[in-house]
Amino acid sequence: MTLYAELRVARAAFSLDLALSVKPGEVVALLGPNGAGKTTALRALAGLLPIDDGRIRLGDDTWDEPPRVFRPADRRPIGVVFQDYLLFNHLTAIENVAFGLRARGVDKHIARADALRWLETVGLADHARSRPRALSGGQAQRVALVRALATHPEVLLLDEPLAALDASTTLHVRAELGQHLNRYEGRTLLVTHDPLDAMVLADRLIIVEHGKVVQEGTPTEIARRPRTDYVAQLVGLNLYRGSASGTTVTLPGGGLVTIANPTSGGVHIAFSPSAISLYAERPTGSPRNTWPVEVAGIEQHAHTVRVRLTPTADSAAPPNLLADVTTAAVADLHLLPARHLWATLKATEIQTYPT
Amino acid sequence: MRSRRRTQRVGGRLPLVLVLPALLGLAFLLIPLIGLLAEAPWSTLPSRLFSADVGQALRLSVVCASVATVLCLLLGIPLAWLLARAELPGRAVIRALVTVPLVLPPVVGGVALLLVLGRRGLVGERLDLWFGFSLPFTTAGVIVAEAFVAMPFLVISVEGALRAADPRYEEAAATLGAGRWLTFRRVTLPSIAPGVVAGAVLCWARALGEFGATITFAGNLPGRTTTMPLAVYLALETDPDVAVVLSIVLLLVSVVVLASLRERWISGLR
């Protein structure tokens, strides 16, 4: 059963008009700037906001189809993780997780036992009796996640689930959230303004701007072929999955990247296209990553030029490397397709995330 | 040196023309209370306090004020919810009407109750006819009169708390499958509990001190409708010492109420 939605909502300030579908087991990210209508879309799917036109269906089951059908939130098989979690402060962690089961009439003792098992899956069994205020940001996020999952929803809706966390916990919580989403068999819709969250967590991205879909596809497709300047800026990110050993990350498609902090196991590495420097001759300095590359394509954006690079025959460069250079550099380097150049990348410019 | 500088600073900031009336105002509010304590027949106070009459009036007052408060909670919380959350036409007018008993002279309230619930009143006649039940000049009448006067305190306090509560918690409850009633009981009510408590205490204190509406609607029948304030008034003519003792008891109750609320009641009323 696929979740299928055509959402049309008109407001004084803006209008939303987008279609989306999410298959079982799939994670779809709705990515866009603040005010693009992402949260409105999520509220419509959750049943907190009736749509003005269109339809929302799960398989043959209609949730919303004006003017006749509207099923409110409490009668949709959904789980929602809100941006600031909205854990009930007067209830303990375990009571929060058990809330959805109790609302469905599950016996108190069974609901609590079930809630405790959910808390165990996120390593919070010891905090079962803690009040939300006593939990850290990452812990509260995990309680919110299992509270939403405890009722075995068909559709899981996540509204900026990492936005309220500080930078140091985000890394860890993002990786963990990814694991939980992998295990979840229902349909996940993730609303975010952070391209990294979207690209690391989602199987498919839907990019929304001014209430409309501007591009849709897998993270790699979109990163390689951004259709608008906005998308290019948004997802202009070199993102690879590889396995780390010490400070060396080996990419499955060929390529060796040196990172700053030693680690081991599966990792995502990400760096901005502007972190890549291009030279006509082999540079004499000592950036940790220096690769011979070949120009595969050149795209002009507003103030920069994005260059697509492929490794030359015996190069250890990552495949499909994106580099942003100034317009002046295009002339200096005689940037033309098939031209051979040297690319460098400082190890400190690379962000590393455990997978 | 330090105290002189302080005096200078206060004198410099606050003009005398404000300080004098302020001190006068303070004295005006406090001296009667001090006078009450100074005039108290302390030696015979315990015996008077535990006399049958005082005990009866005090018990009646506490029971009636408490039952009236429960009545106000049962009716007032839903009314506050309606005013805060429902999209009613003319909500501003309804809210203004709810607060009328707050400013209405209690005697007028008592007359109004008598006209409606009295034996010949609009509703009272039916009650008498169908159920053989009459409210005026009964203990139940005292409760009705007190609830009428005190309910606005509760409604305003609870409505303020409801407006301050984040409705997104109710949305979160809905996404977890909770219907409206369950959401209200398990999420909304606990989150406004401080406002409800503050409102209930104010309501109770107002009911306890009720005089005008009570004596008009329920009369003054010892043991049945003679609450503390009525007993004070009655005693003043026969035995002023008893009036002082009863007054001190009521003053003590007021102070306890104030202390238990501290600054909370102000935020509740906002």
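This report walks through the contact between two chains and then through two sheet regions of chain A. The model is a predicted one, which is worth keeping in mind as you look around.

**Where chain B meets chain A**

Let's start at the interface, where 14 residues of chain B are in contact with 16 residues of chain A. On the chain B side, the elements that give two or more residues are helix H10 (168-175) and helix H11 (180-191). The largest share, six residues, comes from H10(B). Sorted by class, this side of chain B has eight nonpolar, four polar and two charged residues.

H10(B) deserves a second look. Seven of its eight residues are buried, so this helix is largely enclosed by the rest of the structure. The buried residues are Tyr169(B), Glu170(B), Glu171(B), Ala172(B), Ala173(B), Ala174(B) and Thr175(B). What do they pack against? Their partners are helix H1 (38-46) and strand E7 (78-81) of chain A, together with H11 of chain B. After H10(B) comes Gly177(B), with a positive phi near 95 degrees.

**From E7(A) to its parallel neighbours**

Strand E7(A), met above as a packing partner of H10(B), leads us into chain A. E7(A) runs parallel to E8(A), and E8(A) in turn runs parallel to E9(A), residues 187-192. Leu157(A) of E8(A) has bridge partners in both directions: Val80(A) and, in E9(A), Leu189(A). Between E8(A) and E9(A) the chain passes through helix H5 (residues 167-183), making a right-handed β-α-β crossover.

How enclosed is E8(A)? Five of the five residues of this strand (residues 155-159) are buried, so E8(A) is largely enclosed by the rest of the structure. Val155(A), Leu157(A) and Asp159(A) point one way from the strand, while Leu156(A) and Leu158(A) point the other way.

**An antiparallel sheet further along chain A**

Chain A also has an open sheet of five strands, in the order E14-E18-E15-E16-E17, with antiparallel pairing. Strand E14 (276-279) and strand E17 (321-326) stand at the edges with a single partner strand each, so one side of each is left without a neighbour in the sheet. Neighbouring strands here are turned by 45 degrees against each other on average, direction ignored. In the pairing of E16(A), residues 304-311, with E17(A), Arg308(A) stands opposite Leu322(A) of E17(A).

The strand pairs of chain A described here are listed below.

| Strand pair | Sense | Bridges |
|---|---|---|
| E7(A) and E8(A) | parallel | four bridges |
| E8(A) and E9(A) | parallel | five bridges |
| E16(A) and E17(A) | antiparallel | six bridges |

Note on methods
Residues are numbered from 1 along each chain as its sequence is written. Chains are lettered from A and ligands numbered from 1 in the order in which they are written. This is a predicted model: local features need pLDDT of at least 70, side-chain atom pairs count only at pLDDT 80 or more; totals for chains, interfaces and linings use all residues. Two residues are in contact if their C-beta atoms, placed from the backbone, lie within 7 Å. Ala, Val, Leu, Ile, Met, Phe, Trp, Tyr, Cys and Pro count as nonpolar, Asp, Glu, Lys and Arg as charged, and the others, Gly among them, as polar. A residue is buried if 20 or more other C-beta atoms lie within 10 Å of its own, exposed if 12 or fewer, and partly exposed in between; C-beta atoms are placed from the backbone. Two strands pair if DSSP finds at least two bridges between them. A crossover is right-handed if, with the strands pointing away from the viewer, the path from the first strand over the helix to the second runs clockwise. Axes are lines fitted to C-alpha atoms, for helices over the stretch in contact, and angles run from 0 to 180 degrees between N-to-C directions.
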